[in-house]
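Here's a short tour of a protein model, written for someone new to reading structures. Keep the picture open while you go through it.

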Amino acid sequence: MLWPRLVRALVSRPLTDPAGAAPAETVAALGERLATTARARLGRSLAIREVDSGSCNGCELEVNALQNVAYDLERFGLRFVASPRHADVLLVTGPACRNMAEAMERALACTPEPRWVVAAGDCAVDGGVFKGSYAVHGGVGAVLPVDLLIPGCPPSPAQLLEGLLALLEAEAAPRQK
Amino acid sequence: MSALGLIRSGTPQGARPFERFLLTAQAWAGLPAALAAEPSLALLGLWAEPGTVHAAFLDEASHAVLLASAPAEGGRYAALSPARPGAIRFERAIRDLWGLSAEGAVDDRPWLDHGRWPVAGPMSGNPAPRPGAEPPQPEFLPVEGEGIHQIPVGPIHAGVIEPGHFRFHIQGEVVVRLEARLGYKHKGTLGLMLGKTARAAAAFAARLSGDSTVAHGWAFAAAVEAALGLEVPPRAVALRAAMAELERIHNHLNDWGFVCNDAAFAFPHARCGFLREGVLRACADAFGHRLMMDRVLPGGVAPDIAPGGGQAILAALDAVEAEIPALLRVYESHASLQDRVVGTGFLDPVHAARFAAGGFVGRGSGRAFDARIAPGYAPYDLLAPAIAVEAGGDVDARVRVRVAELRTAIALVRRLLMTLPEGETLVPLPARAGEGAALVEGFRGECLHWLRLDEGGVIRAVFLRDPSWLQWPLLEAAIEGNIVADFPLCNKSFNCSYSGVDL
Ligand code: SF4
């Protein structure tokens with residue numbers, strides 16, 4: 001029966017969490033990095049390509065969780081894409097493993113400008129617990145030009161979302177000052 | 001002499017709880033032939049330290065675990081791969097990390113070493129500097145036949161998954177051979193653990209494979225405690241098991257959803273994702289971390305479960321349990337979905353047994369092994385969970401094992417939380433020498449950890465073996481003869497860890 005279901009859907013709470021706000025300071029800093037032309041081109045939506053440069057897969061779990069119905073990313077204009085060629089953002093997780101460095105560089109080369117590189121997770125920020133190993137270069141910044149750091153081990157979906165919203169805000173707001 | 005007899009004739013080294021026997025190089029050289037004649041002795045792992053090679057075996061009849069070692073004279077030891085195909089990747093990794101070569105090995109191509117590290121043999125004790133030479137092109141096993149072509153995939157994949165390279169040889173639409181090339185995520189984890197105290201090194205075990213952070217954290221802690229002869233408080237034992245079962249629940253939900261999604265069936269994926277999110281949030285309430293990372297420590301658990309955390313978990317599990325029947329109905333009643341999962345990615349029980357595949361990969365192909373039951377460890381000795389075994393060997397069989405385990409795990413968590421003993425959760429570690437090992441059943445299968453501590457309580461030798469070591473090679477067998485389009489489905493139904501085996 002359709003009716004009881006419709007009625008239930010009307011009175012039950014939505015599965016999706018209410019939206020949070022992006023931290024103003026981060027937005028201002030990101031806005032500084034973005035040229036006006038880029039803002040016009042990116043608009044208020046972002047296509048994200050996740051690149052795992054050697055994580056423990058904890059960060060991937062949370063990036064995946066970010067795509068579940070509780071967060072409903074697309075309402076913000078955020079969407080994960082399958083190729084760096086379709087991406088505005090490279091969301092990189094894990095330390096920069098030496099065995100992944102070439103693949104990371106190639107992914108960046110495939111990503112059209114204007115673009116953002118986000119290092120998500122303590123490992124991506126500075127190598128995390130793996131810093132100093134013969135097998136890693138360090139954080140993602142050791143291989144790619146990073147625009148935004150999202151710390152956490154792993155960062156929760158809410159923290160990841162906050163960072164991504166900051167990118168959106170930076171694109172929307174007229175340049176500070 | 002039988003392989004078991006050969007190993008037991010070595011000198012006991014005082015490792016706990018599984019004894020390690022030191023063999024002469026000559027006795028070790030007799031192992032391949034003895035193993036070939038004794039299929040019931042399964043190889044669980046093979047690793048090294050400078051100048052010595054170690055192996056772990058499971059006697060499938062008695063479920064006893066025993067370790068064997070031998071000196072690698074002149075940097076060489078007798079390969080076990082002619083008798084145990086599961087040894088192949090270990091032998092390749094041992095050459096790359098410790099610089100020891102396996103004589104008579106089935107495959108001597110590099111594995112973890114892609115020619116991009118600044119040194120060769122980083123764990124060998126005297127790593128050789130390697131000035132920036134061009135990394136060599138990987139070699140793949142050849143395939144002959146008419147109209148064969150190759151599809152290279154990765155290391156970066158299209159979804160949010162870990163990096164690795166898959167080389168498909170295809171005839172028409174059919175996969176003739178798949179070969180995985182991993183090692184992209186090698187982080188030097190084992191090397192970073194050496195010289196650290198057990199407490200400091202626990203962070204690396206917890207980050208071997210994030211989805212199994214509790215299981216690996218527990219296996220590491222249990223190996224340390226075995227080495228030190230330390231008892232952990234009963235409350236810590238119960239909390240460890242509760243966290244390990246919650247980890248099983250969130251991963252099983254995740255992969256069940258993803259398998260359906262890979263068959264273009266988004267509804268179960270959305271529901272499983274939502275239920276799983278509820279479980280993770282409850283874990284955060286109870287333990288202060290969604291994945292419960294760094295909660296299991298050598299000596300116990302810290303912090304203790306938060307007030308109200310138990311209720312949050314029980315509520316989340318009620319929601320999961322209430323929806324499983326409806327989800328199962330959806331899964332079973334849609335022909336388009338069943339058409340994709342039934343008969344797809346068939347893993348022959350013979351192969352599963354030859355590789356001693358653990359977890360739902362083994363149990364989906366009739367291998368009834370679960371480390372919680374045998375060799376067994378507390379608190380499961382009192383809980384005795386039912387083992388789900390399916391004989392089908394296909395994607396569907398692996399899914400069904402996992403759905404059954406979801407239900408068992410929910411019941412286990414409830415019992416553990418309702419009968420949680422009072423008392424402390426963490427005891428200090430005595431600084432003393434010892435050697436220990438542990439087998440802990442994660443959601444993917446048994447995690448085997450081994451280590452040796454010196455008098456100061458510092459790690460001198462260590463190996464962490466994720467269950468995926470013995471499952472990855474079987475994915476290559478399971479995909480043979482399937483169409484390329486079914487690969488994501490097969491891959492997800494195995495869900496092997498990349499980070500776990502890349503070390
Ligand atoms: S930040 Fe933490 S969760 Fe993320 S890859 Fe590193 S160790 Fe894993």
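Let's begin in the middle of a sheet: Leu91(A) stands opposite Val118(A) in strand 5 of chain A. Strands here are DSSP runs of E with at least two residues, helices are runs of H or I with at least four, and both are numbered from the N terminus. Before going on, note that this is a predicted model, where local features need pLDDT of at least 70 and side-chain atom pairs count only at pLDDT 80 or more, while totals for chains, interfaces and linings use all residues. Residues are numbered from 1 along each chain as its sequence is written, chains are lettered from A and ligands numbered from 1 in the order in which they are written, and side-chain values use heavy atoms, with hydrogens and water left out.

**Strand 5 and its neighbours**

Who pairs with this strand? Two strands pair if DSSP finds at least two bridges between them. Strand 3 (residues 89–93) of chain A runs parallel to strand 5 of chain A, with five bridges joining them. Strand 7 (residues 148–150) of chain A is also parallel to strand 5, and three bridges link that pair. There, Ala120(A) has Ile150(A) in strand 7 as its bridge partner.

Is strand 5 of chain A buried or exposed? Five of its five residues (116–120) are buried, so the strand is largely enclosed by the rest of the structure. Buried means under 20% relative accessible area, exposed means over 50%, and partly exposed lies in between (1.4 Å probe, protein chains only). Both faces are covered: Trp116(A), Val118(A) and Ala120(A) are buried on one side, and Val117(A) and Ala119(A) on the other.

**Chain A as a whole**

Stepping back, chain A has seven helices and seven strands. Its 177 residues are 55% buried, and the C-alpha trace spans about 60 × 40 × 30 Å along its principal axes.

**Some backbone oddities**

Here are two cis peptide bonds, one from each chain.

| Peptide bond | Omega | Place of the proline |
|---|---|---|
| Glu113(A) to Pro114(A), cis | near -5° | loop between helix 5 (101–110) and strand 5 of chain A |
| Ala374(B) to Pro375(B), cis | near 5° | helix 14 (residues 372–376) of chain B |

Positive phi values turn up too. Asn57(A), which isn't a glycine, has phi near 85°. You'll find Asn57(A) in the loop between strand 1 (46–52) and helix 4 (58–65) of chain A, and it counts as buried because its relative accessibility is 4%. Asp72(A) isn't a glycine either, and has a positive phi of about 40°. Asp72(A) sits in the loop between helix 4 and strand 2 (78–80) of chain A and is partly exposed, with a relative accessible area of 33%.

**Where the chains meet**

How many residues does each chain bring to the contact? Chain A gives 44 residues and chain B gives 48, where contact means heavy atoms within 4.5 Å. About 3,600 Å² is buried between chain A and chain B, with carbon and sulfur atoms giving 62% of that. Leu61(A), Asn99(A) and Tyr134(A) supply 22% of the area that chain A buries against chain B, more than any other three residues. Buried area is the accessible area (1.4 Å probe) that two parts lose on being put together, summed over both.

**A stop in chain B**

Finally, look at Val413(B) in helix 16 (residues 395–418) of chain B. Val413(B) counts as buried because its relative accessibility is 0%. Leaving out residues up to four places away in sequence, Val413(B) touches Ala242(B), Glu245(B), Leu246(B), Ile249(B), Ile313(B) and Leu317(B).
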